[in-house]
Amino acid sequence: MAALPALTARLLDALGPDAVVTDEAARRTYECDGLTHYRVTPGVVVLPTDAAGVQTTVRLCREYGVPFVARGSGTGLSGGALPVADGVLIVTSRMRRILEVDLANGRAVVEPGVANLAISQAVAGAGYFYAPDPSSQLVCSIGGNVAENSGGAHCVKYGFTVHHVTGLELCTPDGDLVWLGGGMAAEAPGYDLVGVVVGSEGTLGIATKVAVRLLRSPQAVTTLLAAFATVAEAGAATSAIIAAGLVPAAAEIMDALAIAAAEKAVNCRYPPGAGAVLIVECDGPAAEVAAEVAEVTRLCREAGAFEVRVAADPAERAEIWRGRKSAFAAVGRISPNYIVQDGVIPRTALAEVLAAIEALTAEARRRTGHDVRVANVFHAGDGNLHPLVLYDAAVPGFYEAAEEVSGAILDLCVAHGGSITGEHGVGVDKAAKLPRMFSADDLDTMHLVRCAFDPDGRANPGKVFPTPRLCGEVPRPRSADDEAARAAERLGIEAW
């Protein structure tokens with residue numbers, strides 16, 4: 001883009017050389033997020049230290065007509081922070097201040113580069129915590145969590161990021177800083193614009209401050225691990241737990257392949273011979289937790305558990321969680337490459353869908369000759385699957401076979417009344433799958449919302465929405481003005 005050199009010069013003048021990365025080798029550091037198959041070297045990288053730096057950058061992008069993409073810690077798994085080759089990548093990792101803590105109102109205001117776990121660490125001494133806990137919580141940023149509406153192992157009881165953000169400061173694509181929602185107050189009148197922005201994957205602007213909800217730490221926390229011969233039994237136990245009216249803080253399942261990977265990586269010492277393990281965590285008043293643990297243990301035994309371990313102290317609790325928390329990375333011990341997928345199904349469809357996934361891999365092996373395998377790790381409590389499709393990129397055709405299985409798994413989720421994503425977002429990776437869930441009119445309506453915030457299409461272009469709207473098409477940028485006019489025509493309103 002011809003405007004990029006002039007824009008870069010202005011950025012250097014406004015923010016200084018420490019905040020603007022122009023060297024090609026250094027820019028390649030930011031060419032992908034956690035989904036490494038997609039790579040684009042950004043035209044220029046900016047690392048602002050505060051909201052004013054973000055605002056200055058976005059205003060200059062508007063002036064020169066240059067697109068921009070926001071990036072936090074780069075742990076995303078859908079290509080949501082994939083840069084634009086002729087655009088600006090705005091990295092918020094230097095914006096790491098916790099600006100305000102108000103324990104009386106159960107709120108904190110943080111910058112987008114603050115690591116998820118850092119919030120809980122900052123208030124733990126006062127008996128509070130921040131509930132959303134992605135597996136990458138040690139490094140993933142709040143800004144990225146807001147963009148993707150991240151969840152975590154404890155989403156069964158505590159929900160997702162959107163349930164814990166009471167307000168935020170947004171830098172709009174025009175470069176205005178506006179506050180949406182409440183702050184220390186629980187609610188704000190009017191449209192739920194916070195709910196619109198959370199999960200919008202950076203297509204509506206960049207969060208520069210976030211007001212989050214703090215919760216009192218539970219009086220008691222107990223974790224148990226139940227070992228089963230099959231995943232179906234573990235799934236049946238999960239359904240029985242929920243059907244009994246219990247609401248555990250977490251309910252996680254790993255299958256035999258995922259367990260084998262975790263054993264190699266961290267020696268988690270799960271029960272030998274387990275075809276699946278179910279990790280259940282209960283928290284709350286001590287008496288209530290004790291009763292819940294007893295009931296969960298009984299239900300697991302009735303579902304076929306051949307061993308149940310109940311953590312006696314925090315060290316044993318951490319030992320149980322160690323295998324689950326390391327599962328994604330651990331798969332690298334048993335496969336040189338893998339695709340991390342993210343779909344949602346009703347809990348009652350768990351056994352059927354897992355059997356169908358096994359059938360998909362068997363068919364892929366028969367048809368392609370490649371040993372496609374799937375390790376399953378998932379949030380059983382809310383039906384959020386994370387199948388890890390294993391392959392070897394050095395073998396010709398192996399990635400294509402794995403990618404086909406990966407896409408077919410998402411189709412299975414939709415066919416069973418689920419979703420193509422639970423917490424990883426759509427990004428680049430799943431944009432072509434969106435029409436499996438939504439009609440063209442649905443997509444037009446969504447895009448109309450996007451155009452209300454960003455009529456010029458500068459904020460994270462080419463993400464989320466497929467173009468053209470055909471299943472299987474590779475997504476690419478489109479004209480926001482054209483789409484806004486078409487959507488308005490469909491809705492029978494006047495385009496602005």
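Here "partly exposed" covers relative accessible areas between the buried range, under 20%, and the exposed range, over 50%. Keep those cut-offs in mind for the tour, and remember that this is a predicted model.

**Stop 1: the domains.** Start by colouring the three assigned stretches: domain 1 (3-91), domain 2 (220-329) and domain 3 (335-425). Now put a centre on domain 1 and another on domain 2, using C-alpha atoms; the two centres sit 42 Å from each other.

**Stop 2: the largest core.** Next, select Ile253, Leu278 and Cys300. In the largest nonpolar core, which has 45 residues, these three touch the most other members. Then add helix α14 (residues 398-415), which supplies 8 residues, the largest share of this core. Keep your domain colours on here, since domain 2 (220-329) and domain 3 (335-425) each contribute at least three residues to the core.

Which residues does Ile253 contact, once neighbours within four places in sequence are set aside? Show everything around Ile253 and you'll find Val231, Ala234, Gly235, Thr238, Ala276, Val277 and Leu278 among its contacts. Leu350, Asn376, Val377, Phe378 and Ala380 are also in contact with Ile253. Separate from this core there is another one, made of 27 residues, including Leu225, Ala227, Ala330 and Leu388.

**Stop 3: strand β12.** Pick Thr222, which belongs to strand β12 (residues 220-228). Is Thr222 buried or exposed? Its relative accessible area is 18%, so Thr222 is buried, the cut-off being under 20%. Beyond residues up to four places away in sequence, Thr222 touches Val280, Glu281, Cys282, Val289, Val293, Val310 and Ala311.

**Stop 4: salt bridges.** Time to show the charged side chains; there are 25 salt bridges in the structure. Go to helix α10 (residues 286-303) and select Arg298 and Glu295, which are 3 residues apart, so about one helical turn separates them. Their side chains form a salt bridge, at 2.6 Å from N to O. Both ends are partly exposed: Arg298 has a relative accessibility of 37%, and Glu295 has 25%.

Helix α11 (residues 314-325) holds another pair, Arg322 and Glu319, again with 3 residues and about one helical turn between them. Here the closest N and O atoms of the salt bridge are 2.8 Å apart. Arg322 is partly exposed at 32%. Why does Glu319 count as partly exposed? Its relative accessibility is 23%, which is neither under 20% nor over 50%, so Glu319 falls in between.

Now move to Asp411 and Lys433, whose side chains meet in a salt bridge at 3.1 Å, N to O. Asp411 is in helix α14, while Lys433 is in the loop between α14 and α15 (440-453), so this pair ties together parts 22 residues apart in sequence. Asp411 is partly exposed at 26%, whereas Lys433 is buried at 16%. While you're at it, select Glu363, Arg366, Arg367 and Glu404: salt bridges with shared partners link them into one network.

**Stop 5: a surface patch.** Finally, switch to a surface view and select Tyr191, Leu193, Val196 and Val449. Together these residues make a nonpolar surface patch of about 400 Å². One of them, Val196, lies in helix α7 (residues 193-197). At 33% relative accessible area, Val196 is partly exposed.

Notes. Residues are numbered from 1 along each chain as its sequence is written. This is a predicted model: local features need pLDDT of at least 70, side-chain atom pairs count only at pLDDT 80 or more; totals for chains, interfaces and linings use all residues. Side-chain values use heavy atoms; hydrogens and water are left out. Domain bounds come from an automatic or database domain assignment. Patches are made of residues with over 30% relative accessible area and no salt bridge: like charges are joined within 9 Å, nonpolar side chains (Val, Leu, Ile, Met, Phe, Trp, Tyr) within 5 Å. Accessible areas come from the Shrake-Rupley method with a 1.4 Å probe; for residues, only the protein chains shown count as cover. A salt bridge is a side-chain nitrogen of Lys or Arg within 4 Å of a carboxyl oxygen of Asp or Glu. Helices (H or I, at least four residues) and strands (E, at least two) are DSSP runs, numbered from the N terminus. Buried means under 20% relative accessible area, exposed over 50%, partly exposed in between (1.4 Å probe, protein chains only). A nonpolar core is a set of buried Ala, Val, Leu, Ile, Met, Phe, Trp, Tyr and Cys residues joined through side-chain atoms within 4.5 Å. Contact means heavy atoms within 4.5 Å.
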